[in-house]
Amino acid sequence: MIEPIAKPRRKNPLLRTRLPTSPPRARSRASHGFTRAAAEGRFMLQRCGACETFCYPARDACPTCLSADLVFTDAPRRGTLLSETTLHIPADVHFRERAPWRVGLVAMDCGPKLVTHLHADCEEGKSVVMSFQLDKSGQAVAFAHPERETSNMADDRQWREMTADPKFRRALVTNGRSIVGQEVVAALKAAGASIVFVGVAEPWKPFRGEDTLRALEGVEIVPLDIGDEKSVADLAADIGGKVDILVNTTEHVRSGGLLDRQGTSVVRDEIDQTYLGFVHLAQAFGPAMRMRGSDGVNSAAAWVNILSVYALANWPMFGAYSASQAAALSLSHSLRAELRPGGVKVVNVFTGPLDIEWFQTVPPPKVAPRVVANSIVSALKRGLEDVFVGDVAEDIRQRLAANPKAVERELGA
Amino acid sequence: MQNSIRTPYDRVVMAVPVTIPYVRYSIESAQWWMGRALKALVDGAGIKPRDIDGFCVSSFTAGLDSGIGLTQHFGLCVRWIDTIPLGGASAIAALRRAARAVQAGDARIVACVAGDTNHVDSFRYTLENFSRFNQDAVYPYGAGGANASFALIARNYMRTFGAKREDFGKIAVAQRSNALHNPHALMKAPLTIEQYMSARPIADPIHLFDCVMPCAGAEAFLVMSEDVAASLKLPAVKILATIERHNAFGDDPVQVRGGWAMDVDELYAMAGVKPDDLDFVQTYDDYPVISMMQFEDLGFCRKGEGPDFVRQHDLTIDGSFPHNTSGGQLSVGQAGAGGAYLGVVEAMRQVLGQAGPTQVKGARIGLASGFGMINYDRGLASGAAILAGAGA
């Protein structure tokens, strides 16, 4: 039984901000199969292709038949908590300052034994449900949940270390003019965010949905034009120390590739908004977020990018746009590495064409802005890193895994 | 009792038990500690370093050096070498390998040495770099340092077999009482069961006095033929039997037994003795629960009877079951891989009658064991040896 976490009090500006520490980060190469699983919220174990034995920890040969054909496979999540302990004096600094900390040994129904972090409601001898999570070092760890929903489950202290739950956190949504931005604001508020700052460029110009946005409690419209370095820096100077979750909802979609465009002005706009806008945001807000990764209940927790799935494979009908998305994707990986010492996650939400004005000519299926918003909140609550929203994104993901060359030819057909 | 078909260690002996007194922290290197042990071996045997033609070494903190680098460091020219990375099972393994090498004539005098330093930060370094499974699947949970792994084992053992903290406490308290006779023990203050019970928790149910103290130190012995020992006029220790086993009982969900249970009949058959014939036992005591497990697995009682066995015996030097007479790692300190040698070297002194203040009266024959390498969720390496003095 978890006590609900209390809303954090206003921070005493005289107190030192506790600096983030990382749990141990080193992993073998094979072990990153779990990192991949955790990033997508899947529970995967290695399974031998020859004898079908599941094994753990990650190996390079099957402990039953010595086959090298070990494949990370979605595995049944159920197991039994065999034994548990509470660490009072861990050797590691990260855990020492979080002690007492509970870990246990779980026997999976499918065979392997996992040393795991424990949700407080897991009981010895009882069934548990396992997941892999990205911890504050960005690496995968096993996490045991009680088999059935318990009250205030998401408020568990150890679970909250694995997630970027919006509850009691403060968020910045960078573009309040877009429908996606407005839906994200609503979803974050519904998830318990204490305040949502909403960036609007040239706020004196009215926009659709403005009244609804302004009517929401705990929503504050702030001036922000992410293509303008000074505008971004000014906002960061004002609220940079209290942005726990940043959702980059920048939306600059234009159709066309290279040959049907004259000159570079459209491309330059795409780069200014999508790529340089990202750079401005990262340079202005990133350092403070990295510093505040362990700053209590409302520590800095996540940076969210909404990216087109065509960042992964160019769609020539929106060829230059796809390239700007690819640039942003690449940059996100740099940001992810740079925010990692702070334990701040970078969440990339890949979508197919959205059901918005700029994709008017594109046939369905298209993704409703509300679905994107809900996926973002779900990813934050579950601690995911890579999310594919909607049928098109999932389709591209699977096809890329099967044959990237086929995707290239077919998108260009 | 079964018969053993293994070749006995006839005419092979151990000699010159060496302990370089431990310190909590040392600014010296592991090489320095091993160097002191080698010097004590040659001085104790009345030989020159060049007389050593076999070298067997174990260390966690020797950095990049394995045995071969150390030969040049120490000016040894050997025709047989082994580096044994088996942690707490290293001494039993060293003794087994060296004895066969001597028996086969591959070496005449083998120096078996384990030494580790303990810098202020070296224990953490050892934890971080212990093994791949540990790095991937234990250390990230805050569970490095073996305390958490043994806590999971201890808790399961307590629930399964009804062991109480008081039972583990009795082992620790008896060892502290023994250690007060050992001038080399780092723990100098008496320990009461009340102090044991009220100690601060480290990882439930492991509390402070269940844990060994990492320290710097070195231990060593020589292995040679009976004839060489006689020509050097060295008191010799006979090797009656040994066993060694790795990664046993992997299907046990939580470790409740070590590899000894697989080979214990063989151990006594080869030695031609029964558990009752032993005058003392030196178990590998990284945690009291592991010693209790060994009372079962080494044949002193049946599985699950460990707690009762402890309740019924006095484990001190003069007790009904003299156990870890030096004070063991729990009270002497754990000098890295030297911890593996502690019980073996003390067993040698006991059967030679050289144990001084920790001497068990009339000890002729005894057992020493090893246990090591919590690679993931259990200790993988186990071993044991039955040693005897001249009179046995």
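These questions and answers cover a predicted model, from the fold of chain A to helix packing in chain B.

Q: How many helices and strands are there in chain A?
A: Chain A holds both kinds of element. The count is eleven helices and 15 strands.

Q: Why is chain A as compact as a globular protein of that length?
A: The globule rule gives 22 Å for 413 residues. The C-alpha trace spans about 65 × 60 × 30 Å along its principal axes. Chain A counts as that compact because its radius of gyration is close to the rule's value, at 22 Å.

Q: What share of the contacts in chain A with a separation of 6 or more joins residues 24 or more positions apart?
A: Buried residues make up 47% of the 413 residues in chain A. Among contacts with a separation of 6 or more, residues 24 or more positions apart account for 68%.

Q: Which feature does UniProt place at residues 265-374 of chain B?
A: The span is 40% helix and 12% strand, and its end C-alpha atoms lie 25 Å apart. The UniProt entry is unreviewed. It names the feature "domain: Thiolase C-terminal".

Q: Why do the buried residues of α10(B) lie on the same side of the helix?
A: Helix α10 covers residues 260-271 of chain B, and its buried residues include Trp260(B), Val264(B), Leu267(B) and Ala271(B). In an α-helix, residues three or four places apart point the same way, because there are 3.6 residues a turn. The buried residues of α10(B) share a side because they cover an arc of only 155°.

Q: What do the buried residues of α10(B) pack against?
A: Tyr268(B) and Met270(B) are among these buried residues. After the helix comes Gly272(B), with a positive phi near 70°. The packing partners, in chain B, are β8 (237-246), α11 (288-297), β10 (365-374) and β11 (379-388).

Q: Is Asp252(B) buried or exposed?
A: Asp252(B) sits in the loop between β8 and α10 of chain B. It has 12 C-beta neighbours inside 10 Å. A residue with 12 or fewer is classed as exposed. Asp252(B) is therefore exposed.

Q: How are α7(B) and α11(B) oriented, roughly parallel or roughly perpendicular?
A: Helix α7 (residues 165-179) of chain B packs on α11(B) with the axes 9 Å apart. Residues of α7(B) including Phe168(B) and Ile171(B) meet residues of α11(B) including Val289(B) and Met292(B). The angle is about 95°. So the two helices are roughly perpendicular.

Methods. Residues are numbered from 1 along each chain as its sequence is written. Chains are lettered from A and ligands numbered from 1 in the order in which they are written. This is a predicted model: local features need pLDDT of at least 70, side-chain atom pairs count only at pLDDT 80 or more; totals for chains, interfaces and linings use all residues. Helices (H or I, at least four residues) and strands (E, at least two) are DSSP runs, numbered from the N terminus. The radius of gyration is taken over C-alpha atoms; the globule rule is 2.2 Å times the number of residues to the power 0.38. A residue is buried if 20 or more other C-beta atoms lie within 10 Å of its own, exposed if 12 or fewer, and partly exposed in between; C-beta atoms are placed from the backbone. Two residues are in contact if their C-beta atoms, placed from the backbone, lie within 7 Å. UniProt positions are given in the numbering used here, feature names are shortened, and annotations may be inferred rather than shown by experiment. The arc is that of the directions from the helix axis to the C-beta atoms. Axes are lines fitted to C-alpha atoms, for helices over the stretch in contact, and angles run from 0 to 180 degrees between N-to-C directions. Angles under 35 degrees count as roughly parallel, over 145 as roughly antiparallel, 65 to 115 as roughly perpendicular and the rest as oblique.
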